[in-house]
Structures are given as structure tokens and as C-alpha cells.
Amino acid sequence: MNIIGRAKTPWHLWVVGILTLLWNAVGGFSYTMTRLGMLESLGMSEAEIAFFESHPVWANTFWAMGVWGAIAGSILILLRSRFAVHATVIAIIGLIGTTIFQYAMIEVPASLQSPALTIMIWVTTLFMLIYASRMTQNGVLR
């Protein structure tokens with residue numbers, strides 16, 4: 001703790017914040033390209049583009065919550081804000097909705113199936129929640 005009574009920023013906060021922000025920015029890029037109708041420029045086929053365009057509004061809402069909640073969580077970790085926990089909870093709610101939609105309600109084209117990516121997204125997001133919660137409890141995030 002320093003003189004003001006706040007915990008000193010640990011070195012790992014910068015590592016976690018920057019790495020998760022870079023990871024989550026990929027999701028933000030993907031979401032933005034999809035919503036702007038620019039998937040063809042990423043080399044996606046007409047069938048893949050049609051798949052993304054067929055998503056109902058509620059599924060896109062969950063996807064947005066997951067992506068932007070995670071990005072906000074990373075930024076708030078870097079800003080040492082306790083609201084990183086809240087943003088990450090929003091990301092997890094979005095991730096739950098997106099996962100249910102993709103694995104229980106539709107058939108994802110074979111070219112877009114990636115269970116390993118889904119697992120990595122879950123691991124990263126849950127790690128962010130645990131990390132932000134612990135840093136809040138330790139007085140690092142305020």
C-alpha cells in the first residue's frame with residue numbers, strides 16, 4: 001500500500017490488461033467487420049456470410065455483450081477500475097447466450113466450427129473475471 005492507502009499497481013496488471021485487450025480486440029474486429037457487412041474482404045464465402053447474416057437480433061445482442069464487455073473489462077483493468085468485474089460479468093452473460101445459440105440452436109457450417117476457439121474465449125473471459133475480482137479484493141482496482 002502507498003501513502004494514500006491504495007495498493008501499488010503490480011506489474012502483472014499491465015501484462016494481463018494488455019494481453020487480454022489484444023486478444024479481445026480480435027473479437028471486436030470480427031464483430032465490427034460482420035456488422036459492417038465486410039466479411040467478403042476477409043475471404044469468407046457467400047455461405048459463411050449468409051450464415052452470419054441469418055443470426056437473429058437477440059443472438060447479435062449477446063455477441064455484442066460478449067465482445068464489448070470483454071474489451072471494456074480489459075480497458076477497465078488497465079485503468080484500475082473495480083468496474084472491470086461488472087464489464088466482465090456482462091461479457092460472460094454474452095458468452096453464455098452466444099454459446100447456447102451456436103451449440104444448441106443452429107448448425108454452424110463446418111468451415112466456421114472451432115471448439116478450441118470457443119474454449120479459449122471461455123478460459124480467457126473466466127480468467128479476467130477471477131483476476132479482476134481478486135485485484136478488487138486486494139484494493140488494486142478501485
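**Entry 1: the pocket**

I started with the largest pocket and sorted its lining by class: I got 20 nonpolar residues, 16 polar ones and no charged ones. My classes were nonpolar (Ala, Val, Leu, Ile, Met, Phe, Trp, Tyr, Cys and Pro), charged (Asp, Glu, Lys and Arg) and polar (the others, Gly among them).

Note to self: this is a predicted model, where local features need pLDDT of at least 70 and side-chain atom pairs count only at pLDDT 80 or more, while totals for chains, interfaces and linings use all residues. Residues are numbered from 1 along each chain as its sequence is written, and side-chain values use heavy atoms, with hydrogens and water left out.

Next I looked up the volume, and the largest pocket holds about 990 Å³ of space. I then checked who sits where: 36 residues line this pocket, and Ser 30, Trp 63, Gln 102, Leu 117 and Ile 121 are the closest to its centre. A pocket here is an open set of points on a 1 Å grid over the protein atoms alone, where a 1.4 Å probe fits, with protein on both sides within 12 Å along at least five of seven lines; lining residues have an atom within 4 Å of a point. Its volume is the space filled by probe spheres set on the points, which are joined across faces, edges and corners.

Which helix gives the most to the lining of the largest pocket? I found that α4 does, with eight residues. The others take part too: α1, α2 (46–53), α3 (57–78), α4 (83–105) and α5 (115–137) each supply at least two lining residues.

**Entry 2: the whole chain**

I counted five helices and zero strands in the protein chain. Helices (H or I, at least four residues) and strands (E, at least two) are DSSP runs, numbered from the N terminus. Read from that end, the order is simply α-α-α-α-α. Along its principal axes, I got a C-alpha trace of about 60 × 30 × 25 Å. The chain has 142 residues, and 38% of them are buried. Buried means under 20% relative accessible area, exposed over 50%, and partly exposed in between (1.4 Å probe, protein chains only).

**Entry 3: along helix α1**

I picked three residues here. Val 16 is in α1, and I put it down as buried because its relative accessibility is 11%. I also checked a partner far along the chain: Leu 78 is 62 residues from Val 16 in sequence, yet their C-alpha atoms are 8.5 Å apart.

Is Leu 19, also in α1 (residues 11–35), buried or exposed? Leu 19 counts as exposed because its relative accessibility is 53%.

Phe 29 lies in α1 as well. Its relative accessibility is 47%, so I filed Phe 29 as partly exposed. From Phe 29 to Val 67 I got 9.4 Å between C-alpha atoms, with the two positions 38 residues apart along the chain.

**Entry 4: a loop and the last helix**

Where is Arg 80? I found Arg 80 in the loop between α3 and α4. Its phi made me look twice: the angle is near 60°, a positive value in a residue other than glycine. Arg 80 has 11% relative accessibility, so this residue is buried.

Last stop was Ser 133, in helix α5. I called Ser 133 partly exposed because its relative accessible area is 24%. How far is Ser 133 from Val 85 in space, C-alpha to C-alpha? I got 6.0 Å, for two residues that are 48 apart in sequence.
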